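Reader: I would like to learn how to read a protein model, starting from a single residue and working outwards. Could you take me through one slowly?

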Amino acid sequence: MLRCPETHEEAFLVMSTGEMVGRMVRSGILGCPVCRREFPIMKGVVQFSAGEGAPLRDKNTQSLRGAPSPADAQTLQALLDLSGPGGYVVLVGSAARHAVGLAGLMGGIHFVGINAPPEVGELPVLSLLACETMIPLRGAVARGVVVGPERTSTAWLGEALRVLLRGRRLVIEDERVTAPAGLKQLAMGEGMWVGEKQ
Ligand SMILES: [Zn+2]
């Protein structure tokens, strides 16, 4: 489900594993067979932004302090409307903090954190990717996406929508957002915005 962040077509990445802990890869290299770029896996995090590309940085990335308190896992589970195990849920930015709580409520779903805060570590149920230019996943792979309040720029929301499966939900931890086209608003309030991919 990973993709190279370069602008060429989606292609599978090839992994060379180094250190493993159980089924988790702590170190290794992912290689792109199309453009030959290589991405290191360091301390369990795939680093897609090793000093290249213009960062897709939010203007308000540093303004998390003072942001509304994040939703609890039960609320998020209800908003994501996930029934049954299997598949992937993508957590963008500080939303990766919800992985443990959501995993406790929803067994059998794997979580993928994009640009997680440093205190969030890799887990058997949580894979971590770092990339400042895009979400390095192929399109339409996620059963649900949660976007943290510091990643709500048009570009990041567009990426969140791209990786989401049609008919599935995107939850944004900020109600003051402009939703990208292709997202139908379902609910808004108490610091949350919920939409469904059309
Ligand atoms: Zn590539």
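Author: Let us start with L164, which has its place in strand 11; helices (H or I, at least four residues) and strands (E, at least two) are DSSP runs, numbered from the N terminus. This is a predicted model, in which local features need pLDDT of at least 70 and side-chain atom pairs count only at pLDDT 80 or more, while totals for chains, interfaces and linings use all residues. Residues are numbered from 1 along each chain as its sequence is written.

Reader: Is L164 buried or exposed, and why?

Author: A residue is buried if 20 or more other C-beta atoms lie within 10 Å of its own, exposed if 12 or fewer, and partly exposed in between, with C-beta atoms placed from the backbone. L164 counts as buried because it has 24 C-beta neighbours inside 10 Å.

Reader: Which residues does L164 touch?

Author: Two residues are in contact if their C-beta atoms, placed from the backbone, lie within 7 Å. Leaving aside residues up to four places away in sequence, L164 touches A140, A142, V145, L170 and K197. As for distance along the chain, L164 and R138 are 26 residues apart, yet their C-alpha atoms are separated by 9.6 Å. For the chain as a whole, among contacts between residues at least 6 apart in sequence, 55% join residues at least 24 apart.

Reader: With which strands does strand 11 pair?

Author: Two strands pair if DSSP finds at least two bridges between them. Strand 10 and strand 11 pair in the parallel sense over five bridges, and V146 has V171 as its bridge partner in strand 11. Strand 11 is also joined to strand 13, by four bridges, and these two run antiparallel; here I172 stands opposite W193 in strand 13.

Reader: Strand 13 has come up now, so how is strand 13 joined to strand 12?

Author: Six bridges join strand 12 to strand 13, and the two run antiparallel. They form a hairpin with two residues between them, and in the turn E190 has a positive phi of about 50°. G189 has M192 as its bridge partner in strand 13. Five of the six residues of strand 13 are buried, so strand 13 is largely enclosed by the rest of the structure.

Reader: In what order do the strands lie in the sheet?

Author: A general idea helps first: in a regular strand the side chains alternate between the two faces of the sheet. In this structure eleven strands form an open sheet in the order 1-4-5-6-9-8-7-10-11-13-12, with mixed pairing. Its edge strands are strand 1 (14–17) and strand 12, each of which pairs on one side only. Within the order you can find strand 9 (residues 126–130), which is joined in parallel to strand 6 (residues 45–47) by three bridges and to strand 8 (residues 110–114), again in parallel, by four bridges. V46 has L129 as its bridge partner in strand 9, while G113 stands opposite L128. Strand 9 is mostly covered, since four of its five residues are buried.

Reader: Across which strands does helix 3 lie?

Author: For such angles, axes are lines fitted to C-alpha atoms, for helices over the stretch in contact, and angles run from 0 to 180 degrees between N-to-C directions. Helix 3 lies across strand 7, strand 10, strand 11, strand 12 and strand 13, running at about 165° to strand 10. The buried residues of helix 3 (residues 154–163) are W156, L157, E159, A160, L161 and V163.

Reader: Which residues have the most contacts inside the largest nonpolar core?

Author: A nonpolar core is a set of buried Ala, Val, Leu, Ile, Met, Phe, Trp, Tyr and Cys residues joined through C-beta atoms within 7 Å. The largest one has 51 residues, and those with the most contacts inside it are V90, L91, V92, V145, V147, A160 and L170. Helix 3 gives the most to this core, with five residues. Domain 1 (10–47) and domain 2 (69–198), whose bounds come from an automatic or database domain assignment, both give residues to this core, so it lies between them.

Reader: Finally, what pLDDT does the chain average?

Author: pLDDT is the predictor's confidence in each residue, from 0 to 100. The chain averages a pLDDT of 90, and 89% of the residues score at least 70. Over residues 59–68, however, pLDDT stays under 50.
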